[in-house]
Amino acid sequence: MKILVCISNVPDTTSKINFTADNKEFDKNGVQYVINPWDEYALTRAIELKEAKGGTVTVLNVGEADTEPNIRKALAIGADDAIRVNAFPKDSFFVAQQIAAVAKENNYDVILMGKESIDFNGSQVHNMVGELLGIPAVVPAFKLDMVDDTTARLEREIEGGKEVVEVKLPFIASAQQPMSEPRIPNMRGIMTARTKPLKVVEPTGAGTKVEYVNYSKPEKKGGVKMIDPENAGELIKFLRNEAKVL
């Protein structure tokens with residue numbers, strides 16, 4: 001079984017976020033990048049399936065050369081090889097095109113990725129890839145098991161419960177907690193990752209569909225206003241006139 005895991009390079013949530021002076025571009029200065037946490041669930045589950053059923057796990061990233069340290073981390077966790085599409089991930093459709101092109105060339109049985117990236121939170125790429133390839137996309141899923149060599153069973157959350165679906169290979173799935181428990185690379189993995197293949201390919205397909213006009217930070221939270229618990233009238237007045245939630 002050939003599994004492709006798509007990973008994004010995203011800012012660490014502890015990083016201080018800034019934009020350029022005209023608020024049109026993200027300022028990378030001083031920002032620490034990590035593997036998108038949702039993608040780590042997909043990566044770990046792919047490795048678990050490989051260990052249980054055999055096969056290979058390939059990591060795919062659409063990004064420039066500065067993403068390679070995190071690609072190597074994915075290899076250290078247990079992926080067999082990696083592909084980097086040498087392009088800045090301009091928008092969801094552009095990224096989906098690159099994933100679909102790689103998938104068509106290599107005929108993967110399963111394509112996994114996180115349910116969204118923590119920087120844009122778009123949750124769009126997996127469905128676009130499914131449409132481009134003409135294969136099912138199950139999104140998001142919190143459990144993935146193989147029924148046999150040709151069929152997988154997935155569970156996903158729905159309002160008021162869960163949905164269990166069976167799907168024939170090939171298919172796409174996006175992962176969320178608790179599909180797996182992300183792994184930390186050990187020393188042996190870190191050493192072997194240095195020699196694992198990392199292929200760089202040039203982008204293909206059309207340009208972007210989205211133009212980012214500007215970025216802005218959310219407004220800073222105001223101070224906390226303390227109200228006497230015995231004074232319900234004052235609380236109602238505040239909620240109606242200042243908070244405007246009534």
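**A helix pair and a three-stranded sheet**

Over residues 23–210 of this predicted model, the chain is 31% helix and 31% strand, and the C-alpha atoms at the two ends lie 16 Å apart. This stretch matches a feature in the UniProt record, where an unreviewed entry places "domain: Electron transfer flavoprotein alpha/beta-subunit N-terminal" at residues 23–210.

A convenient place to begin is the pairing of two helices. Helix 1 spans residues 37–53 and helix 2 spans residues 68–77; their axes come within 10 Å and cross at roughly 35°. The crossing of helix 1 past helix 2 is right-handed. On the helix 1 side, the contact is made by E40, L43 and I47, and these face K73, A74 and I77 of helix 2. By residue type, the contact comprises 4 nonpolar and 2 charged residues, with no polar ones.

Attention then turns to the strands. Strands 10, 11 and 12 form an open sheet in the order 10-11-12, with antiparallel pairing. Strand 10 (143–146) and strand 12 (161–168) each have a single partner strand and stand at the edges, so one side of each is left without a neighbour in the sheet. On average, and with direction ignored, neighbouring strands of this sheet are turned by 20° against each other.

The pairing of strand 10 with strand 11 can be followed in further detail. Strand 11 covers residues 151–158, and its antiparallel pairing with strand 10 runs over 4 bridges. Within this part of the sheet, K143 stands opposite E155 of strand 11. In general, strands of a sheet pair through backbone hydrogen bonds, in either a parallel or an antiparallel manner.

Definitions and conventions: Residues numbered from 1 in each chain as written. Predicted model: local features only at pLDDT ≥ 70, side-chain atom pairs only at ≥ 80, totals over all residues. Heavy atoms only, no water. UniProt positions renumbered as here; feature names shortened; annotations may be inferred. Axes fitted to C-alpha atoms, helices over the stretch in contact; angles between N-to-C directions. Left-handed = near helix turned anticlockwise from the far one by under 90°. Contact = heavy atoms within 4.5 Å. Nonpolar A, V, L, I, M, F, W, Y, C, P; charged D, E, K, R; others polar. Pairing = 2+ DSSP bridges.
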